[in-house]
Amino acid sequence: MTSQTASLADVRDEYGFLDPDDRYRLLIDLGRALEPMPDALKTEATLVRGCSAAVWVYPTLRDDGTLHFLADSNAAITKGIIALVLLTVQDQPPGTVAAADIEGELAPFDLRNQLSSNRTQGIPNMIALIRDTAARYA
C-alpha cells in the first residue's frame with residue numbers, strides 16, 4: 001500500500017490491527033512512499049523548528065487551487081508521521097487545509113503513546129506550519 005493510493009481511513013484501519021513493531025514498519029513504509037523532495041528544497045526556510053529529527057516541508061499552490069506539500073525527514077519514523085499528516089491535507093484547497101482537524105484525524109493512531117516523546121514533539125510545529133501556509137493562500 002502506498003500513500004498515493006491509501007486513504008487515511010485505510011491506513012487507520014490497518015494500523016488498528018497491528019502490534020507495535022508492525023505499526024513502526026507501517027509508518028516507515030508510509031514514509032518511504034512519500035513523493036521525493038529535491039535536496040535543493042531542503043533549506044533553512046523549509047525546515048520545521050522543534051523537531052528532534054530534521055524535517056522539511058515545502059508547499060506549492062497548484063493550478064487547480066489546491067495545496068500540494070513535499071516533505072522529508074532524515075529519520076524514517078518521523079518521515080512516516082509526516083506522511084500520515086499529509087494524508088489529512090494533501091491536494092486540498094487552502095481553506096479546507098486551514099480548517100482541517102489534523103489532530104483529530106491523527107488521534108486514533110495514538111502516536112504519543114506509540115512513539116517516544118522526542119519523535120512526536122515536532123508534530124504540533126509541523127501542523128502549525130501547514131495551517132499557517134494554508135491560511136496565507138486561503
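A pocket, in the sense used on this tour, is an open set of grid points where a 1.4 Å probe fits, with protein on both sides within 12 Å along at least five of seven lines. The model on your screen is a predicted one, and the first stop is its second largest pocket, which holds about 160 Å³ of space.

**Stop 1: the second largest pocket**

Select Glu103, Leu106, Leu111, Arg112 and Ile123, which, among the 10 residues that line the second largest pocket, lie nearest its centre. Then colour the helices α5 (102-106), α6 (111-114) and α8 (123-137), each of which supplies at least two residues of this lining. Which of the helices gives the largest share of the lining? That share comes from α8, with 3 residues. If you now colour the lining by residue class, you will find 6 nonpolar residues, 1 polar residue and 3 charged residues.

**Stop 2: the nonpolar core**

Keep Leu111 selected and add Leu84, since these two are the residues with the most contacts inside the largest nonpolar core, a set of 36 residues. To follow this core through the fold, show α1 (8-16), α2, β1 (55-61), β2 (67-73), α3 (76-89), α5 and α8, the elements that each give two or more residues to the core. The largest share of the core, 9 residues, is contributed by α3. Leu111 thus appears at two stops of the tour, as one of the residues nearest the centre of the second largest pocket and as one of the two with the most contacts inside the largest nonpolar core.

**Stop 3: aspartate 72 and its lysine partners**

Move next to strand β2 and select aspartate 72, which is found there. Is this aspartate buried or exposed? Aspartate 72 counts as buried because its relative accessibility is 8%, and the cut-off for that class is under 20%. Display the side chains of lysine 42 and lysine 79 as well: the side chain of aspartate 72 makes a polar contact with that of lysine 42 at 2.5 Å, and another with that of lysine 79 at 3.2 Å. The pair formed by aspartate 72 and lysine 79 is also a salt bridge, with its closest N and O atoms 3.2 Å apart.

From lysine 42, extend the selection to aspartate 39, with which lysine 42 forms a salt bridge whose closest N and O atoms are 3.1 Å apart. Aspartate 39 counts as exposed, at 59% relative accessibility, whereas lysine 42 counts as partly exposed, at 23%. With Asp39, Lys42, Asp72 and Lys79 all shown together, you have a network of residues linked by salt bridges. Side chains of opposite charge can pair when their charged atoms come close.

**Stop 4: a salt bridge within helix α2**

The salt bridges in the model come to 9 by the rule applied here, and another of them can be found by selecting arginine 32 together with aspartate 29, where the closest N and O atoms are 3.3 Å apart. Both residues belong to helix α2 (residues 20-32), in which they are 3 residues apart, about one turn of the helix. Arginine 32 is exposed, with a relative accessible area of 64%, while aspartate 29 is partly exposed, with a relative accessible area of 39%.

**Stop 5: three aspartates in loops**

Finish in the loops, beginning with aspartate 91, which lies between α3 and α4. What is the sign of phi in aspartate 91? Phi is near 60°, a positive value in a residue other than glycine, and aspartate 91 is partly exposed, with a relative accessible area of 34%.

Select aspartate 110 next, in the loop between α5 and α6, where phi is near 50°, again a positive value in a residue other than glycine. Aspartate 110 counts as partly exposed, at 32% relative accessibility.

The last selection is aspartate 101, in the loop between α4 (94-99) and α5, which is partly exposed, with a relative accessible area of 49%. A distance drawn from the C-alpha atom of aspartate 101 to that of aspartate 39 spans 30 Å, and the two residues are 62 residues apart along the chain. That line leads back to aspartate 39, a member of the salt-bridge network visited at the third stop.

Key. Residues numbered from 1 in each chain as written. Predicted model: local features only at pLDDT ≥ 70, side-chain atom pairs only at ≥ 80, totals over all residues. Heavy atoms only, no water. 1 Å grid on protein atoms, 1.4 Å probe; cavity = no way out; pocket = protein on both sides within 12 Å on 5 of 7 lines; lining within 4 Å. Points joined across faces, edges and corners; volume = space filled by probe spheres on them. Helix = DSSP H or I, 4+ residues; strand = E, 2+ residues; numbered from the N terminus. Nonpolar A, V, L, I, M, F, W, Y, C, P; charged D, E, K, R; others polar. Salt bridge = Lys/Arg side-chain N within 4 Å of Asp/Glu carboxyl O. Buried < 20%, exposed > 50% of the residue type's maximum accessible area, 1.4 Å probe, protein only. Core = buried A, V, L, I, M, F, W, Y, C linked by side-chain atoms within 4.5 Å. Polar contact = N/O pair within 3.5 Å; in protein donor to acceptor, adjacent residues only side chain to side chain.
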